[in-house]
Structures are given as structure tokens and as C-alpha cells.
Amino acid sequence: MRRSAFSVFKEVASKSPAKSSAESTDDDQPKLVSMTRTSDSDLANYPATPKITEKTQKQKSKSEQRLSSIRKSIRKKTKHKDQTPQENNNTISSSKGKENKLDKALNHIGKKNNWTESLQSLNSSHLEEEFLPGIVQQKKQQKRLHSEPSATSMFNGSSEEKVQNKSRKRAHSTPSTTDDAAKKPPIPTKKSKTRSVSSVLDDLPKEDVLETPDEQKPETSADHLFAWVIAPVKTEQFFSDVWQRKPLFIKRRQSNYNKVWFSTKEFDNILKKQNVQFTKNLDIAVFRNGQRETLNPDGRAFAPMVWRFYKEGCSIRMLNPATFSSNVWHLCSKLQEYFGCLVGANVYLTPPASQGFAPHYDDIEAFVVQLEGKKRWRLYSPRDINETLARHSSQNLSPDELGEPILDRVLEAGDSLYFPRGMIHQAITQDDSHSLHLTLSVHQKCCWSDYMEKLVPLALQAAIEEDIDFRKALPIGFQNHIGMANSEKKSEERKSFMKTAEQLMKKLVSFVSIDEAGDELALDQMEEYLPPSLSEDEKQRSVSGTGAFWDNNDIKMKSKITLKSRVRLLRPGIVRLIPEDENLQIHHTVGNSRQYKELPLSATQVPLQYADIVEYFLLSYPEYVHVKDAPIDDDEIKLELAEKLYDLGLLMTE
């Protein structure tokens with residue numbers, strides 16, 4: 001009997017003793033316990049402290065010289081402080097206590113070889129609000145970790161993690177939770193404007209983004225970006241323990257962590273400046289008295305009308321924010337490279353004390369990225385094996401179909417939540433806060449069954465063409481022995497029919513074309529892809545930033561491709577090479593629209609005799625290759641093919 005992933009996981013979990021930990025102390029968070037099969041050591045800790053740069057080493061000696069003066073100024077400051085004990089546990093109750101803790105912290109710094117670790121030690125002494133900001137100013141790298149809503153911020157905070165591990169009676173799967181930020185107030189810093197994600201990633205030192213052995217730059221690595229989405233959980237652990245098995249709740253207590261991607265202010269600007277259409281781009285939804293309603297008018301979604309719906313308690317869903325937001329486009333485009341399938345996105349804006357959608361399950365792997373405010377999420381196990389890893393989304397479900405939730409959590413700005421296909425869910429905002437979140441969806445129509453739907457018909461067609469046994473007539477009178485009404489018959493005719501059918505199925509395997517089926521599925525997926533989102537550097541090294549241009553009433557030609565040029569494929573996953581008759585078809589996503597499936601997939605072709613040269617240029621990623629080294633003796637053909645691929649937007653120069 002076939003078992004679900006959830007039941008198998010539950011069986012494994014039962015072999016280990018459950019461990020429970022204290023619930024979050026947030027006043028606005030429900031006092032509920034989530035289950036997990038993992039122990040404290042199973043969840044990934046924050047990556048190690050970033051490496052010390054040469055500049056930091058030079059600053060170290062100067063900083064140590066200032067420790068004495070810092071001590072004096074701090075002691076002078078604490079001496080005149082009010083001596084009254086405080087109820088707050090994070091406050092030192094007397095000046096003597098302050099001096100003792102301060103001496104201990106500062107002496108500890110003097111002994112440390114790692115300045116970043118020293119700052120963290122001082123941070124842990126509960127003096128951060130008074131004394132740490134002045135020291136942080138001395139180190140730009142540390143300042144960026146605390147002040148920018150960038151990739152480095154995911155490593156800011158305590159490495160302690162709380163793991164909830166308490167079983168529930170109905171659970172088929174056990175959700176994981178991580179509570180990764182320290183329970184202390186954030187370091188005071190100056191507010192900075194939210195920058196584009198490209199500029200944030202471009203400025204990041206590699207060692208601050210992620211500890212990794214590969215040499216890819218952060219701005220070109222989809223791996224780094226996905227690691228950001230699930231941090232502090234390690235990628236390997238996520239796919240071995242969580243992916244398609246159970247939900248994962250990540251508590252960060254860093255409100256700016258996801259801020260770079262989208263905001264309510266940006267949404268308002270989009271409504272004012274761009275042509276957003278109801279139903280096509282925007283839904284107005286409300287869930288009241290157990291019923292979900294969609295209240296979409298016709299035509300353009302002008303800002304005043306949308307905000308009127310919002311004031312009346314309706315939720316707003318933007319269906320394809322990557323069409324309008326460059327940062328969301330960048331995020332989805334990069335993750336698309338990582339997963340090898342379409343990464344869709346929806347933005348949900350919900351007013352306080354409101355619910356826009358009925359309980360339901362979806363046909364996608366969902367990553368919920370909380371951008372603003374907070375929202376309470378309740379997740380429920382699939383009701384049966386048919387809904388586990390569902391291939392199709394459900395209708396609206398009623399409360400009596402749900403049972404008890406396996407996870408009940410409040411997502412606040414900076415938090416994230418993952419849950420698999422088929423996981424029933426509903427979400428509602430709190431009375432004191434609105435909510436803005438981004439849902440990233442992956443692996444829709446991208447499972448083994450989708451592949452087999454391509455594979456089997458192709459194999460059958462090949463068998464019909466090549467094997468005469470598949471074209472022979474069925475036995476005379478077979479209808480009298482086959483069918484549900486005849487399923488209990490034990491006639492010789494039925495036995496013979498079943499034996500022949502079994503033999504043909506075994507022969508069918510020999511006609512399977514793994515690669516042809518893969519190409520067909522890939523082309524279906526690529527037609528849905530977003531076009532690649534390029535950094536400014538990538539634009540300047542590709543046809544997007546160079547080539548022919550208009551100057552002083554004339555066209556100037558400025559080709560960057562010569563025989564000495566070194567080139568590579570612009571981005572991974574943007575091309576598919578398929579031989580067809582006497583030509584090599586080059587399908588690519590560079591010409592795709594940011595609007596979902598607005599345009600057909602672009603394709604060009606070259607004579608099949610040049611296939612080796614095209615593969616040399618397009619399949620060497622991430623390595624750059626010399627044009628002059630292409631596998632043909634004719635330099636003119638080398639240059640012609642390189643220029644053609646460059647002009648199509650498929651190649652970039654080194």
C-alpha cells in the first residue's frame with residue numbers, strides 16, 4: 001500500500017523522543033505549540049561571523065587604543081545615572097553593576113582577536129542601547145549588517161534557535177519553527193531609504209552573503225538568493241527534512257529583512273502610474289460569514305477605487321507583481337534559475353481584523369514572505385492521500401472540513417513561512433495591524449506525473465510507428481470479456497487479453513525517449529518564464545547596453561564581438577537547443593514578457609552542421625570561451641555565429 005510523505009515522516013518522527021521548548025513571549029502571538037521532529041541541533045545556526053577584512057585589521061589597533069577613553073566616558077556617563085532598580089530584566093539595576101558588566105565586556109574585547117566577535121560580545125552585555133552605536137560607527141562592515149535591508153541582515157542576531165516539538169493527534173506532518181533573532185531591542189541606527197535589490201547585492205562582500213566554496217559573485221548567484229529566503233535554515237537541510245514534507249515557520253524579529261522586495265508605498269505608486277487592470281492584475285476579495293466574495297469591477301484599477309475597497313475591509317491581491325515591480329521581477333527571475341521552473345508571485349494587502357480568502361489548498365510549493373505588519377496563519381494537514389502534494393488547487397473549504405491546525409502562528413515583518421502543495425491554510429490579520437506579504441510559488445505542474453504525461457504518449461507514438469504488434473486488431477468479441485461488468489470473469493479469452501496487454505506494456509518501455517519528453521516539458525515551462533532580470537553590469541556587457549546606436553543624425557555601429565572576445569551564455573536556463581530535421585532550433589526566454597504568457601516563446605535556427613559551434617558558445621556556462629577557439633577553421637563563421645547569438649541577447653562579454 002502506497003504511503004504519503006506525511007505518514008512516512010510521522011513514522012520516522014515517532015522513533016525519536018519529542019523535545020519541547022518555551023513558546024514565544026510576544027504578547028500579540030498566540031500561545032500555541034508547533035510540532036517538529038527535529039532537535040535543537042537539527043536546525044541550522046547562523047553562519048559564522050564574517051571574515052575580517054584587511055581594513056578592519058588596520059582599524060583594530062586604533063580601536064584598542066581608544067578602549068581606555070571609551071571606558072572613562074562610559075563610566076562617567078553611568079556614574080550620573082539614576083540608581084533606582086528597574087523592573088525590566090534587560091536593565092542593570094545599579095551603577096556598580098553597570099561598571100562590573102562594562103569592565104567584563106571591555107576587557108573581553110581587549111583579549112579578542114576578532115573585532116566582529118568582540119562587538120557581538122559587547123552586544124550581549126545588555127549595554128547595546130547606550131554604548132554600542134558609537135563603536136559600531138568605527139566599522140563600516142558591521143554597520144551595514146545592522147542598517148541595510150540587505151542580504152547580510154539575515155545573519156544579524158543571536159544564533160540561538162527555539163524548536164517547538166509537541167505532538168498533535170491529527171497531524172500527518174510536523175511543522176518546523178525557527179526563532180532566530182535575539183529577544184533584545186535592535187541596535188539604534190539611522191534610517192536609510194530602501195534601495196533596489198540589485199544595488200544591495202552589488203555592494204555585498206562575498207563573505208558577508210554566505211559561506212560557500214564556490215566563486216560565483218553574489219549578484220549572479222541564485223543559490224545565495226534562495227539561501228536568503230530560508231535563512232538561517234541551511235539549504236541542504238531544507239531539502240532533506242522539510243521540502244514537500246512539512247511546513248517551516250521562520251521567526252526572525254528583523255522587520256527590515258524582507259523590506260527590499262516590495263512595499264505598500266510602491267503598490268500605491270504602481271496604481272497611480274501604471275495600467276493595472278482588475279481581474280487580470282488585481283483581485284478585490286473578502287471572506288465574511290463563511291463565504292468568500294470577489295468584488296472586481298471592470299477596467300483599470302485606479303488608486304482611489306482600490307483604497308476605498310481597502311477601507312471597507314477588503315483584501316487586495318496583485319496577481320503578477322513582477323510585471324510592475326523591478327525588485328519582485330529580480331527575485332522571481334533569479335529563483336527561476338535556481339528551481340528550473342516558473343517562480344510566480346502574488347502580493348496580498350489586507351486591512352486590520354480582516355480575512356480575504358476562504359480556507360483552501362493550492363497546487364504550488366508556497367514561500368510566504370512577510371513584508372509589513374502581521375498576519376495569523378493556520379495550517380491543516382491534507383485530508384487524505386489524494387490531496388497530499390496536490391496537482392490541482394481546491395475549492396473553498398468550510399470550517400467543519402478542517403480539523404485542528406498543525407501550525408498556528410503570527411507572521412510579522414521579516415518572518416517567512418513555507419508549506420507544501422495540498423496543505424490547507426487560511427490567514428487573518430490582527431486587530432492592531434494591516435498585513436502585506438508576498439507569496440512565491442514554485443513547482444506548479446512540474447512533478448513526475450507532468451513529465452510522465454509527456455513521456456508515455458511519445459513512447460506510444462514511437463511504438464505504433466515501429467512495432468507491428470501495436471497495430472494488430474483486438475480479438476473478436478473482446479467487449480464481452482473486458483469492462484467493469486466483466487471484471488469477475490475468469491474466461492480464457494479474458495486471460496489471453498490481459499496477457500497480451502501486459503506484454504505490450506513491457507515492450508513500450510523500449511520506446512521511451514527520456515530526452516524528447518524532457519524537451520517538451522521544458523518548452524512548456526519556458527513559455528511561462530519571466531525574462532532574465534539583468535544588473536547594470538550585465539547590461540553593459542550584452543546587447544542590452546551596446547551595439548548600434550543613434551548619434552548626431554546618424555547610426556553608429558559599435559560591435560563588441562571580435563575573434564579575441566571571450567563570451568558566455570548570459571544567464572543559466574534561458575536557452576533550449578533542439579535538433580529538428582536539418583536545423584538546430586534555439587529556443588530562448590530573452591524575448592519573454594513580464595506579463596504572464598503574453599508572448600510565445602522565441603526561437604531561431606541555424607543549420608545543424610553548426611550545432612557544435614552553437615553548443616560551444618551556449619553550453620559552456622559559467623565559463624567564458626574565446627570566439628577564436630570555436631570548433632571550426634573558418635574564422636568568418638565563428639565571428640558570424642558569435643555576433644548572431646550576441647545580437648539575440650544570449651551572450652555577454654567578459
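**Close-up 1. Arg 571, a buried residue in a salt bridge.** At 1% relative accessibility, Arg 571 counts as buried in this predicted model. Its side chain meets that of Glu 337 in a salt bridge, at 2.7 Å from N to O. The pair links distant parts of the chain, 234 residues apart: Arg 571 lies in the loop between strand 14 (566–569) and strand 15 (575–580), and Glu 337 in helix 14 (residues 326–339).

**Close-up 2. The salt bridge between Glu 401 and Arg 383.** The closest N and O atoms of the two residues are 2.8 Å apart. Both Glu 401 and Arg 383 sit in the loop between strand 7 (365–380) and strand 8 (407–412), 18 residues apart. Glu 401 is partly exposed, at 32% relative accessibility, and Arg 383 is partly exposed, also at 32%.

**Close-up 3. A salt bridge within helix 12.** Asp 268 and Lys 272 are four residues apart in this helix, about one turn. Their closest N and O atoms lie 3.0 Å from each other. Asp 268 is buried, with a relative accessible area of 18%, whereas Lys 272 is exposed at 53%.

**Close-up 4. Helix 13 (residues 303–311) and its surroundings.** The buried residues of the helix are Ala 303, Val 306, Phe 309 and Tyr 310. Seen down the helix axis, they fall within an arc of 130°, so they line one face of helix 13. Pro 304 and Lys 311, on the other side, are exposed. The elements covering the buried residues include helix 12 (264–273), strand 3 (282–288), strand 5 (315–318) and strand 6 (344–350). Just after helix 13, Gly 313 takes a positive phi of about 95°.

Definitions and conventions
Residues are numbered from 1 along each chain as its sequence is written. This is a predicted model: local features need pLDDT of at least 70, side-chain atom pairs count only at pLDDT 80 or more; totals for chains, interfaces and linings use all residues. Side-chain values use heavy atoms; hydrogens and water are left out. Buried means under 20% relative accessible area, exposed over 50%, partly exposed in between (1.4 Å probe, protein chains only). Helices (H or I, at least four residues) and strands (E, at least two) are DSSP runs, numbered from the N terminus. The arc is that of the directions from the helix axis to the C-beta atoms. Contact means heavy atoms within 4.5 Å. A salt bridge is a side-chain nitrogen of Lys or Arg within 4 Å of a carboxyl oxygen of Asp or Glu.
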